[in-house]
Amino acid sequence: MTPQMTVDLTLAAYDALLPVATGFVEKSALAFGLEQKEALALTLATEEVFLYLCRISAPGKGLEIHCRFTGYCVETEFVFEAAGFQMKAFNLTATPSFEDEAATRETGLLIASRLVDRFQLGITGPHLRLTLVKDKVYPEADPEGAPLSEPVSHYVVRRPDGEEVKTSIRMVSRYCRLRFSPMSARFPGKVADIFAAGHLDAALAVDAAGHMGGILFWTQFRGQTVDCFGPYIFHPDSAPEMAALLLDRCLEEIARSGAVGLVNRYPGTGLPPGYFEVVGSLDFFTEDGNWVQVEASYRQLGEDKGAAVWAHPELVPFLSAQYNRLTLPREIRYVTSEGEQRNAFSVLSAEMDRPRHWAVLRPVAHGEDAATVLADHVRLLEKEGVRALFFEMDLRFPWEAHFTPALLTNGFEPRFVLPCGTRGDVVMFQYRTHRKA
Amino acid sequence: MNPFFSPGRLLPRYIQTFEAYVPSKPDPELMKRYGCTRLYRLNNNENALGPPPEAQETLRQFPPEKAAVYPSGDGFYLRHALARRFNKEPEQFLIGNGANEVISFVIKAFCEQGDNIVTADKTFAVYEWVARFSGLEARLTPLKDFGFDEEAMLGRMDDRTKILFLCNPNNPTGTYWDQARLCRFLDRVDGRAVVVVDEAYAEFVEAQDYPDGLSLMETYPNLVVFRTFSKMYGLAGLRIGYLTGSTEMVDAVRRTCIVYSVNRVAQDAAVAAVPADGHVLRTRQMVKEGKVYLHRQLQALGLPFVSGEGNFLMVRLPFSDTLAYRKLMTHGVMVRTMTGFRFPNCIRITIGSMEAMECLTAALGSILGMDADEHTSR
């Protein structure tokens, strides 16, 4: 496993300390293996965030900067007092403003958000944690480099090594004829690094002569669920029970991890019968210009103890029907709007896969402008070529449920409930005009 | 005050990766959520007959004012009762708040950072859990024919192996090592490590060749035996169990044991339960009849099962065990899912009253019937 390294800096938000903050992040990023260009982008993002904190949000107050290397990306985390921080600048749709000093500085945050591959905002007590992530750059897979695929009948299931992971990614590209696969599946080196970092695990079916028959990947347990990818069986004449044995290995590995569910949104060459429950499906636009319906499946890893979920009244009929169909005991609690003061601004994070024309929006903060912010996102993402647009709502948080009217108004429809998808049950919405010409 | 304090930073690395265990909700809450009006608990291998009548009487007679007085810190009267029963010294017994606590005592007593324990992958989870959240390596060996594999266990031993855990009979497969096999294993371990034999279900076993671990500890001073009052003696709600070994061994473990952890009601009830042979016979009879019935019904339903010693059996389903749990709960039957025991798509069923067994098999039949038409399992 790749050692995970973290370096920490504690300082105060003074302009004079800017070189300390940027120097710290730049040197850390380079030491952690980012190329000059990526390290510079992270450094510039740091500069914008730091100056914003110095001048607008937390002048003179203490903050911490943590630089973490995971093996395939560098994360720079800022921890500071939340009061006064304008998260709205981290909306993909935020536009530069030069009306006053504060607005100009928010433009800096906007620039920071665009300089990195992803960001995350979280609140711990009075503190905000802003994490900027910059990925290493990897070459795309060359499927021609995959070895010949042969039927494999006598095999063992075991954990692969890094080279086997890369080879299997090339074999998936070449032999599995998938119409839909995760973005990172195009980059064998990246998958190998994620695997080496311990953020991804795998089970490989391999025979005594070293012929690889199939593979299943799953993510490290974080939160409540584990995501699995596959199984990918490389030859149609391989042993029929191979997919089930790969899944058994996965289940044995995660059975006592504390995870409550196993989710499959990328079924590879097909799931074996009896392992999963289908929760629903989403429509994706494929590279060959067609729409494909992809099922999402899950299984719990332990006994369902029941839970309370928060929902807007408009979503309750859908939720009740879904919970009834899945025999899931849930107490649905209503969120209401009764004239109380709300935040002015909403913030969404967006994960986008440009080559596959899809994006998923996740709420970061809810405000009065939710409908407008959503509409802006839809417009912008459509302009960027996104055809399949999704929205994930975690029912554990009442504030997320408040997005419901804005979603329905903007043409999103609930597609399915994923029990304990992140921390609570997750409703997956899809923008319903996605099939329009 | 440091404004950036976060308790997570103080946690050892091996604890940071752990999620807190969330226990099941109380029965009335579960019944409300699943919409059932009565609930058969077939999930924890509890005794449907309850505690022996002698223990029940003791519970009824417990003077409430005695709740204000600390109990015996080391289960004085219970240790003497066990010593009389098994013809040993009271000092050879250590009482714990359920068998889980004595597992912790032994691991704490013998293991330090860098040490490891060896056990099976598909057995009672607590040996593995306690080792892992103590920062120790748990070396797991695959079962062979649903039973512990002595060759595999010996093969995983090294000079940092301190304890080998054997669940005999094994939960959840019901397999057991006979006397000859256990002695052969102990001979080959040759005192290099502590051998713990967990006999939580010993009182259910009628096989003649089942070893009585308590009789072997004079020959094998590295042997420790766990037993519990939670299963056969129906005192699970009071949390009381014990370990026994040579005086020297128990002295060693006692150094890490928490005194006063077992309450007085539990101690008194256990003392009354020790000689309750009639209760043991009645329970065995109920289990025997339940198994005969269940074997027949499961065969009729076309469900493969593993049934050995103990008051439980394990059934393989054609769909997810966790889905089965939810559906059975709506029929008022609670079973134990086996994914956590690394037997995906299997459930473990406690053998209980005939009424419960009939309700279970009717519910299973109903679910299997539904399976063909309407439920969503793939």
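In this predicted model, strand S18 of chain A runs antiparallel to strand S19 (residues 426-431) of chain A, and 6 bridges join the two. One place to see this pairing is A:Glu413, which stands opposite A:Gln430 in S19(A). Both strands belong to an open sheet of 5 strands in chain A, with the order S15-S16-S17-S19-S18 and mixed pairing. At the edges lie strand S15 (347-353) and strand S18 (412-418) of chain A, each of which pairs on one side only. From one strand to the next, the twist averages 25°. Helix H8 (residues 370-383) of chain A packs on this sheet, where it touches S15, strand S16 (358-365), strand S17 (388-394) and S19 of chain A. The direction of H8(A) makes about 20° with that of S15(A).

Chain B offers a strand worth following residue by residue. In strand S8 (residues 241-245) of chain B, 5 of the 5 residues are buried, so the strand is largely enclosed by the rest of the structure. In a regular strand, side chains alternate between the two faces of the sheet. Along S8(B), B:Gly241, B:Leu243 and B:Gly245 point one way, while B:Tyr242 and B:Thr244 point the other way. S8(B) pairs with strand S2 (residues 93-96) of chain B in the antiparallel sense over 4 bridges, and here B:Gly96 stands opposite B:Gly241. Strand S7 (residues 223-228) of chain B also runs antiparallel to S8(B), joined to it by 5 bridges; in this pairing B:Val225 stands opposite B:Thr244.

A helix of chain B allows a simple check of geometry. Helix H12 (residues 277-301) of chain B has 25 residues and, at 1.5 Å a residue, should span 36 Å; its end C-alpha atoms are 36 Å apart, so the two values agree. The buried residues of H12(B) are B:His279, B:Thr283, B:Val287, B:Gly290, B:Leu294 and B:Leu298. An α-helix has 3.6 residues a turn, so residues three or four places apart point the same way. After H12(B) comes B:Gly302, which has a positive phi, near 75°.

Finally, the two chains meet in a contact that takes 31 residues from chain B and 29 residues from chain A. On the chain B side, helix H2 (27-34) and helix H13 (321-330) each supply at least two residues. The largest share of that side, 6 residues, comes from H13(B). By class, the side of chain B that touches chain A has 12 nonpolar, 10 polar and 9 charged residues.

Notes:
Residues are numbered from 1 along each chain as its sequence is written. Chains are lettered from A and ligands numbered from 1 in the order in which they are written. This is a predicted model: local features need pLDDT of at least 70, side-chain atom pairs count only at pLDDT 80 or more; totals for chains, interfaces and linings use all residues. The expected span of a helix is 1.5 Å times one less than its number of residues. A residue is buried if 20 or more other C-beta atoms lie within 10 Å of its own, exposed if 12 or fewer, and partly exposed in between; C-beta atoms are placed from the backbone. Two strands pair if DSSP finds at least two bridges between them. Axes are lines fitted to C-alpha atoms, for helices over the stretch in contact, and angles run from 0 to 180 degrees between N-to-C directions. Two residues are in contact if their C-beta atoms, placed from the backbone, lie within 7 Å. Ala, Val, Leu, Ile, Met, Phe, Trp, Tyr, Cys and Pro count as nonpolar, Asp, Glu, Lys and Arg as charged, and the others, Gly among them, as polar.
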